[in-house]
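Let's take a look at some charged pairs and a bit of enclosed space in a protein. Have the chain in view while you read.

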Amino acid sequence: MTAEQKKVLSGLIDGSTLDAKLISYLKAINLNILVLDTGVDGFYFVANNGVVLDKATALSAFGAFCDFYDKNKTFMAVLRIRQATETLNSKEVETLSNADYLEKLQAVRSSLVNAYGPVVYKRYIKIVNSASGNRNRFINELLQNVDDCTYPEDEVPTVKMELKDGKLDLRYNEVGFTKSNVRSITAIGESTKKKIQTGNVIGEKGIGFKSVFEVAEKVTIHSNGFDFILTSDKPTVPNKCTPMNELSGTVMRFTMKDPDYELPSSDKILQLCICLKKLKHIEIGDTIIDINDVDDKRVIVVNGEIKKFNKYTYSFKVNDQNAIKERSDGHRRISPEQSINFYTSKDYKPEKRFLYSGLPTEVQTNISLIIDAPFELTTARDGLLQNQWNNYIRAAFYNALARFMEDKKEEYGIDVLQFAGYKSQNNEVSFSVFESSYLNDVPWLDKLKKLQVLPCLIHENVWVSASRGNCKVIPDVVAEFILENRNTGDELGTTIINSMNKSQYNGLLQYLGCEFIPHEKSISFIKKYVNAFVYQPKLQSALYKYLGNPQYAFNRNEKIAPLIASMPIFPIRERIDNLVVTIYISAAEGTIYHHVSKISERQIKVLDSEKMPVEMANRILSPKYAIPPLTQQVLDKVYQDNLVYMIEHDNDMAKIASYLKSEYDTNRSSFIKCRYTLLGLLNEIPMKMQSNEYSRGRKFVSDKNKIFYGQAIQNLLIHDDYLDLARYLGCPDIDNVTFEDYDGLFLDNMDADDIQDILDNDLKNRYDILVGMIGQGVISDELVEEFGLEYYRGRNVSTEPVASPEDFPSQKVGSYSFVMGQVNRKMQYPNIYQPVEVTIWQPNEAIYPEAYLYNQYSSKMDDNACFCQMCGKRFNRNYVQKVSIVPEPSYAWDEMYLSLCLHCASDYRSMRRNNRIMAQLKADISTTNPEGWGVIEIDIPDVQKTIKFTGAHFAKVKAILGAESKITTKTKRDVHKEEKAKKKSKEVIFDDFD
């Protein structure tokens with residue numbers, strides 16, 4: 001036997017299912033086979049060291065020898081296939097006409113069927129009928145075969161399919177079948193032969209065209225002189241049929257197993273045609289498609305609708321000979337010159353994309369490219385084999401993708417990263433170009449890092465790779481600013497990536513190693529150039545969007561929230577020269593309110609919600625600086641504060657008096673809400689006097705039509721124009737004028753009219769007035785003698801309490817629980833004392849304890865008198881002081897003060913510095929029930945003193961002390977006191993809180 005014959009037998013034995021004992025024997029004799037001319041067909045003789053076969057029928061004789069050891073009875077069939085292959089490869093067969101070749105081929109294929117036998121051949125039929133696993137891929141197989149054909153150069157490659165009455169007619173204008181084509185579609189592939197031997201019928205390559213018999217009963221083929229029929233029960237045996245007249249190209253008629261078979265939709269047909277290589281005109285049922293390629297453009301017209309595609313081709317050479325050999329089959333050699341095509345389109349956006357290998361597979365892709373790569377597919381052409389060829393194509397694909405991204409970076413900018421195939425979920429990034437772990441199993445990240453596809457922000461037309469390091473990513477709003485002001489970019493880094501408005505790539509950029517500038521640094525940069533950000537609409541919009549992004553939650557960041565609040569980025573409406581304009585302020589400058597129509601004035605700053613909606617403002621700001629609604633209560637409070645501020649700080653008394661009178665006359669609804677506050681400031685309020693001068697201090701009205709002629713008293717009497725306002729504010733009657741009031745006029749002398757005014761009008765305190773004026777020399781001796789005032793000379797002005805039969809004021813509290821509720825609600829937003837300077841403290845909002853105390857302890861008989869809470873006596877209001885109940889209070893309340901005369905005020909301040917006395921006082925207050933009592937007395941045994949409260953005042957004090965004791969959060973003043981105590985400071989404490 002020749003060496004070539006031995007090599008053939010060795011290959012057949014290695015892939016067979018022969019008994020292991022026979023294979024061991026053949027290996028032991030080293031396949032020592034001797035062929036002799038015995039003249040007996042199929043003769044064989046077995047010896048210890050070799051086998052003798054008949055020379056003329058060597059392969060048949062060897063098959064007969066092995067038959068006993070061939071359980072599946074397939075080895076002889078394989079030998080017959082080998083003989084048939086040799087027959088068809090002979091030069092003699094090649095010289096036959098097409099009709100004679102078909103007859104010869106039919107005889108060979110029939111002999112093979114007989115050689116296999118019915119059992120084995122049925123296995124093959126089963127493989128054919130389950131080849132695709134999807135009956136809808138029938139059209140795919142036809143298009144693939146048609147697109148692989150050769151077409152005349154002067155004709156447009158065209159295919160037409162028409163389905164009617166359960167028969168599908170296929171026509172295409174190729175040059176026609178060759179002997180090799182006929183042999184190929186009737187052959188059993190090499191790998192399929194092995195499957196037949198083992199009985200494994202899982203889909204396998206080598207089926208090819210014959211997979212159509214999954215849905216077709218038979219097919220009649222007419223092409224280039226070949227006229228034959230293939231059937232589903234014998235798909236490898238061509239049977240002659242009647243030729244067609246005037247045939248051009250190839251015609252096939254399929255008789256469908258299912259008479260109701262339907263052609264795919266136009267969308268599905270378009271999907272099949274995108275990556276076709278040769279066909280340019282396709283008609284499938286009612287769908288007509290034309291394909292036009294010009295350079296790197298492909299235009300596909302589907303029933304008149306145009307779809308445009310850009311084509312990118314990556315050509316390469318397969319240098320792995322083993323992979324090429326593996327990919328080739330017995331009828332066709334694979335070229336090492338291969339290409340991968342990418343298609344992009346704005347017109348074609350399918351819900352899902354699939355990998356193509358000529359036609360679409362069922363391998364889904366995750367990037368916005370249509371990928372056509374020469375992978376080797378399974379029999380069903382829907383999946384990929386995992387073999388050496390595909391390993392090579394897989395590596396080539398990622399090289400192609402990398403080259404595509406670098407070539408397209410100028411066109412796409414940062415969007416070229418959309419082709420990286422990354423996924424970001426729960427801050428974890430992974431790469432998944434395909435829905436295939438096999439295709440994704442490559443070191444793609446390392447290659448991506450080296451690609452110079454990241455565009456620089458500051459330097460135009462410059463791209464860098466992530467592997468170079470120092471690549472920075474900044475917020476979009478900062479990037480927009482730097483694009484307009486490139487000279488500022490270096491402050492944040494020399495290599496800033498232009499990812500503006502492309503936050504979808506942030507996860508990938510971070511994964512590639514780019515550094516994200518900390519938000520605190522970005523916001524500090526914004527603050528430096530804040531005017532440019534707020535006065536340019538585009539930048540302003542981007543700024544607010546950035547700062548209010550809930551993902552960043554800047555308003556809960558302890559470092560960033562105050563930084564944002566300090567920036568003048570909040571628009572408020574303000575009136576300037578009768579024009580309403582928008583200016584920008586920081587939230588730290590004071591509370592900003594929101595209102596539909598009002599504009600800012602003095603302390604009221606109203607947000608311009610057209611430029612910054614209040615919802616956005618509150619997302620940007622921390623709760624501390626939240627934008628509250630501008631309610632009537634706020635307006636009333638600000639209105640009152642404005643009045644107080646004017647009274648206390650404006651030096652133009654005529655202006656103040658005129659404004660207050662105007663507000664009383666024209667804006668009374670707001671003005672009357674400030675009554676108690678103004679009562680506490682009565683002596684500070686200037687009014688026009690009868691003398692036509694404007695004056696602060698004590699002022700009086702005359703309700704008894706008294707007539708005064710002296711200049712002195714006219715400086716104390718309010719002008720008629722202001723009488724209504726004065727009476728509303730409770731200015732006392734002139735009958736109650738005192739020596740101190742006259743003394744406050746700083747008179748050099750009094751004339752007769754002044755003295756006559758005192759004597760004629762029966763002033764209640766005329767004794768003190770005359771004694772004081774005479775004692776100070778304001779009344780001359782001549783006038784003393786003229787008016788007979790010697791009695792008053794040398795006497796003293798009375799400083800004793802005002803004699804009165806009145807009892808200490810009484811006012812019951814209705815419900816203590818109601819009072820507690822009021823206090824607790826207010827404690828939700830407590831009026832905390834804050835440090836203004838080192839040792840001076842003032843509350844957030846002004847309080848007016850004088851007005852409250854006057855309301856509680858003023859005399860009902862004398863508007864100018866007030867009771868002392870310790871001695872219980874009544875004094876002129878000028879000699880009564882407000883004194884804080886507790887030393888250095890942390891929270892500000894109108895009610896936490898005592899009304900004390902000068903003497904008792906001094907005593908109480910001394911007592912207040914004694915911690916034990918204060919602790920006992922608080923304990924007594926906490927255990928006393930205020931309900932039902934008009935007056936409550938609290939004894940202080942250590943100093944034998946008693947403090948009297950009205951029931952209402954006491955209830956408030958008790959509720960406030962109780963509420964404050966429950967607060968665990970320390971105010972700044974609490975901390976200050978603790979630090980001072982630790983240092984054992986001997987600092988003098990001034991009662992600034994009084």
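What follows covers the salt bridges and then one cavity.

You're looking at a predicted model, where local features need pLDDT of at least 70, side-chain atom pairs count only at pLDDT 80 or more, and totals for chains, interfaces and linings use all residues. Residues are numbered from 1 along each chain as its sequence is written, and side-chain values use heavy atoms, with hydrogens and water left out.

A search of the whole structure turns up 21 salt bridges (a side-chain nitrogen of Lys or Arg within 4 Å of a carboxyl oxygen of Asp or Glu). Among them are these:

| Pair | N to O distance |
|---|---|
| Asp 293 and Lys 280 | 2.5 Å |
| Lys 307 and Glu 305 | 2.9 Å |
| Asp 415 and Lys 502 | 2.9 Å |

Asp 415 and Lys 502 link distant parts of the chain, 87 residues apart. Asp 415 counts as buried at 17% relative accessibility, while Lys 502 is partly exposed at 23% (buried is under 20% relative accessible area, exposed over 50%, partly exposed in between, with a 1.4 Å probe and protein chains only). Shared partners also join Lys 280, Asp 293 and Arg 298 into one salt-bridge network.

Now for the empty space: the lining of the second largest cavity has 6 nonpolar, 1 polar and 2 charged residues. Here Ala, Val, Leu, Ile, Met, Phe, Trp, Tyr, Cys and Pro count as nonpolar, Asp, Glu, Lys and Arg as charged, and the others, Gly among them, as polar. A cavity is a set of points on a 1 Å grid over the protein atoms alone where a 1.4 Å probe fits but cannot get out, and lining residues have an atom within 4 Å of a point.

Methods
Helices (H or I, at least four residues) and strands (E, at least two) are DSSP runs, numbered from the N terminus.
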